[in-house]
Amino acid sequence: MLGLLEHRDVALRAVSAACKLVSRRPQPPGLNDFRMHVVSAVGEAFNNIVLHSYAGRDDGVIEMEIRTDPDLITVELRDYGESFDLDAVATPDLDLLPESGLGIFIIKAFMSIRYRPGRPNVLTLSKSLANEPADSSARGNPSEGDS
């Protein structure tokens, strides 16, 4: 797909739908948080590619491959724009409440990340559902129960 912010929703809908395929159970514990983390991380990655790798261009292409296994999703994003040094990205000072510069921090907080610069640049994000705590919505209402 073209690396335009207008196409971000297409990528995120595909990722959100793929998150449902990591479990054989229809609504396993932790699925809502899992989906939220994966979609947030991929959204940040997509934004970073458009805004930084393809800065000032409207002809960039982002190739996305989604793989699901039992309890695991892997999203690979490939682009042909400018590379960057993942290790050179400083951890933001959250006490300063920065307006920007949180993308890599958010991605790393939610998913495992690998990056290979080159032609193409390859960003691989993965997350295991097995490591996700149960959703608060799956726990039920604490005011209900045995009396």
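1. In this predicted model, helix H1, which spans residues 8-19, lies across strands E1 and E2 (the latter 72-79) and runs at about 10° to E1.

2. The two strands beneath discussion here, E1 and E2, run antiparallel and are joined by eight bridges, with Arg 67 standing opposite Thr 74 in E2. They form a hairpin with two residues between them, and in that turn Asp 71 has a positive phi of about 65°.

3. Taken as a whole, the sheet is open and has four strands in the order E1-E2-E4-E3, with antiparallel pairing. Strand E1 (62-69) and strand E3 (112-116) stand at the edges and have a single partner strand each, so that one side of each is left without a neighbour in the sheet. From one strand to the next, the twist averages 15°.

4. At the E3 edge, five bridges join E3 to strand E4 (residues 121-128), and this pair runs antiparallel; here Ile 113 stands opposite Leu 125 in E4.

5. The largest pocket has a volume of about 440 Å³ and is lined by 26 residues, of which Glu 44, Asn 48, Ile 49, His 52 and Ile 104 lie nearest its centre. By class, the lining of this pocket comprises 13 nonpolar, nine polar and four charged residues.

6. As to where that lining comes from, helix H2 (31-53), strand E2, helix H3 (103-110) and strand E4 each supply at least two residues of it, and H2 gives the most, with eight residues. Strand E2 thus appears in this note both as a contributor to the pocket lining and as a strand that helix H1 lies across.

How values were computed: Residues are numbered from 1 along each chain as its sequence is written. This is a predicted model: local features need pLDDT of at least 70, side-chain atom pairs count only at pLDDT 80 or more; totals for chains, interfaces and linings use all residues. Side-chain values use heavy atoms; hydrogens and water are left out. Two strands pair if DSSP finds at least two bridges between them. Axes are lines fitted to C-alpha atoms, for helices over the stretch in contact, and angles run from 0 to 180 degrees between N-to-C directions. Contact means heavy atoms within 4.5 Å. On a 1 Å grid over the protein atoms alone, a cavity is a set of points where a 1.4 Å probe fits but cannot get out, and a pocket is an open set with protein on both sides within 12 Å along at least five of seven lines; lining residues have an atom within 4 Å of a point. Grid points are joined across faces, edges and corners, and a volume is the space filled by probe spheres set on the points. Ala, Val, Leu, Ile, Met, Phe, Trp, Tyr, Cys and Pro count as nonpolar, Asp, Glu, Lys and Arg as charged, and the others, Gly among them, as polar.
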